[in-house]
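Take a look at the chain below. This report walks through a few of its helices, loops and single residues.

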Amino acid sequence: MAVEHSTGTSAPAPGDQTRIHNIGYRSYDGPRLGRAYARRSLYSQSLRGSYGLGRSVKSKVLPMLLFVVMCVPAAIMVAVAVATKAGALPVDYTRYAIVMQAVISLYVASQAPQSVSRDLRFKTVPLYFSRPIETADYVLAKFAALASALFVLTAAPLLVLYVGALLAELDFADQTKGFAQGLVSVALLSLLFAGIGLVIASFTPRRGFGIAAVIAVLTITYGAVSTLQAIADVQGSSDAVPLIGLFSPITLVDGVQSAFLGATSAFPGGVGPSNAEGVVFVLVALGLIAASYGLLMRRYKKVGL
């Protein structure tokens with residue numbers, strides 16, 4: 001009968017397999033940059049993203065194309081003014097953005113969802129708020145970034161016009177005054193359009209839906225207001241024409257600049273609001289900007305929970 005002999009070795013206990021490896025983890029003892037640095041970083045990244053910088057080539061195509069489309073007409077006007085030795089530019093500085101409003105609306109519709117919809121879609125907003133950054137920092141950085149991108153888009157062609165006017169040896173004082181008025185106008189337009197675009201885009205994680213919604217709001221309101229203004233003008237109710245302009249972002253900007261910046265109004269009949277009515281236009285514009293910021297704050301306080 002065979003007898004089994006024990007080898008004298010037994011399987012090691014699970015605890016005997018434990019090892020402690022020193023892989024060099026150290027506590028961070030460098031400077032704490034805090035909320036301000038995080039806010040600036042988010043602003044700069046969002047601003048770069050508005051023109052596709054730091055992203056794929058495909059992401060650069062549309063914003064850069066729209067930027068070129070905004071500047072090319074200004075360059076053509078400058079070339080004509082220099083070649084013909086014209087006494088004035090074909091378009092006033094304050095009128096240029098109104099004429100190119102379709103391009104501006106398309107830019108807002110494409111970049112507002114890019115700024116906020118992806119964070120909603122991939123649920124990264126709570127990750128932002130897990131750091132020192134707070135809701136106000138996030139909203140302020142996104143708002144400021146899109147407004148800055150819009151200001152670059154709308155101010156660049158004005159700079160082209162201004163440089164061209166000086167090359168054409170037009171009156172320096174008049175051109176400088178017009179250029180400054182144009183910058184004030186596009187600054188207001190940038191804040192207003194950025195706020196409206198971000199509010200609309202923040203309610204859907206789908207970029208396509210956000211683009212369609214922004215285009216619809218900006219286009220339908222302008223079309224409806226322009227139609228009602230034309231009807232009022234034809235029926236002899238010219239006093240109602242400026243007040244109807246309160247209900248569209250682009251006509252709101254047009255009313256402000258025609259009342260206080262010496263611009264020629266695009267309203268039917270060329271009659272803009274009076275100074276008293278212009279105060280109402282300014283208050284409504286500032287109120288819309290503040291309301292947009294407030295709605296974004298409420299929206300992201302809920303999303304960040």
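How much helix and how much strand does the chain have over residues 96–113, and how far apart are the end C-alpha atoms? This is a predicted model. In it, residues 96–113 are 94% helix and 0% strand, and the C-alpha atoms at the two ends lie 25 Å apart.

That stretch comes from a record. An unreviewed UniProt entry gives the feature "transmembrane region" at residues 61–84, 96–113, 143–167, 179–203, 209–231 and 279–296. Residues 143–167 are in that list too. Here the chain is 100% helix and 0% strand, with 36 Å between the end C-alpha atoms.

**Two helix pairs**

Start with α2 and α4. Helix α2 covers residues 57–84, and helix α4 covers residues 101–121. They pack at an angle of about 165°, and their axes are 10 Å apart. Angles over 145 degrees count as roughly antiparallel, so α2 and α4 are roughly antiparallel to each other. The crossing of α2 past α4 is left-handed.

Which residues make the contact? From α2 come Leu-62, Pro-63, Leu-66, Val-69 and Met-70. From α4 come Val-103, Ile-104, Leu-106, Tyr-107, Ser-110 and Gln-111. Sorted by type, the contact of α2 with α4 has nine nonpolar residues, two polar and no charged.

Now take α6 and α7. Helix α6 spans residues 135–167, and helix α7 spans 172–201. Their packing angle is about 155°, with 8 Å between the axes. Therefore α6 is roughly antiparallel to α7. The crossing of α6 past α7 is right-handed. The contact of α6 with α7 holds 21 nonpolar residues, six polar and one charged.

**Two buried residues**

Is Tyr-162 buried or exposed? Tyr-162 sits in helix α6. Its relative accessible area is 12%, and under 20% means buried, so Tyr-162 is buried. Its contacts, not counting neighbours within four places in sequence, are Tyr-93, Phe-172, Gln-175, Thr-176 and Phe-179. One of these, Tyr-93, is 69 residues away in sequence. In space, the C-alpha atoms of Tyr-162 and Tyr-93 are 8.5 Å apart.

Ala-201 belongs to helix α7. It has a relative accessible area of 0%, so Ala-201 is buried. Which residues does Ala-201 touch, leaving aside neighbours within four places in sequence? They are Ala-112, Pro-113, Val-116, Ser-117 and Leu-120. Ala-165 is 36 residues from Ala-201 along the chain, and 39 Å separate their C-alpha atoms.

**Two loop residues with positive phi**

Where is Lys-123? Lys-123 lies in the loop between α4 and α5, and α5 covers residues 125–129. Lys-123 is not a glycine, yet its phi is positive, at about 55°. Glu-169 lies in the loop between α6 and α7. Glu-169 has a positive phi as well, near 60°, and is a residue other than glycine.

Are these residues buried or exposed? Over 50% relative accessibility counts as exposed. Lys-123 has 64%, so Lys-123 is exposed. Glu-169 has 72%, so Glu-169 is exposed.

The table sets out the four residues by accessibility.

| Residue | Relative accessibility | State |
|---|---|---|
| Tyr-162 | 12% | buried |
| Ala-201 | 0% | buried |
| Lys-123 | 64% | exposed |
| Glu-169 | 72% | exposed |

Terms used:
Residues numbered from 1 in each chain as written. Predicted model: local features only at pLDDT ≥ 70, side-chain atom pairs only at ≥ 80, totals over all residues. Heavy atoms only, no water. Axes fitted to C-alpha atoms, helices over the stretch in contact; angles between N-to-C directions. Helix = DSSP H or I, 4+ residues; strand = E, 2+ residues; numbered from the N terminus. Parallel < 35°, antiparallel > 145°, perpendicular 65-115°, else oblique. Left-handed = near helix turned anticlockwise from the far one by under 90°. Contact = heavy atoms within 4.5 Å. Nonpolar A, V, L, I, M, F, W, Y, C, P; charged D, E, K, R; others polar. Buried < 20%, exposed > 50% of the residue type's maximum accessible area, 1.4 Å probe, protein only. UniProt positions renumbered as here; feature names shortened; annotations may be inferred.
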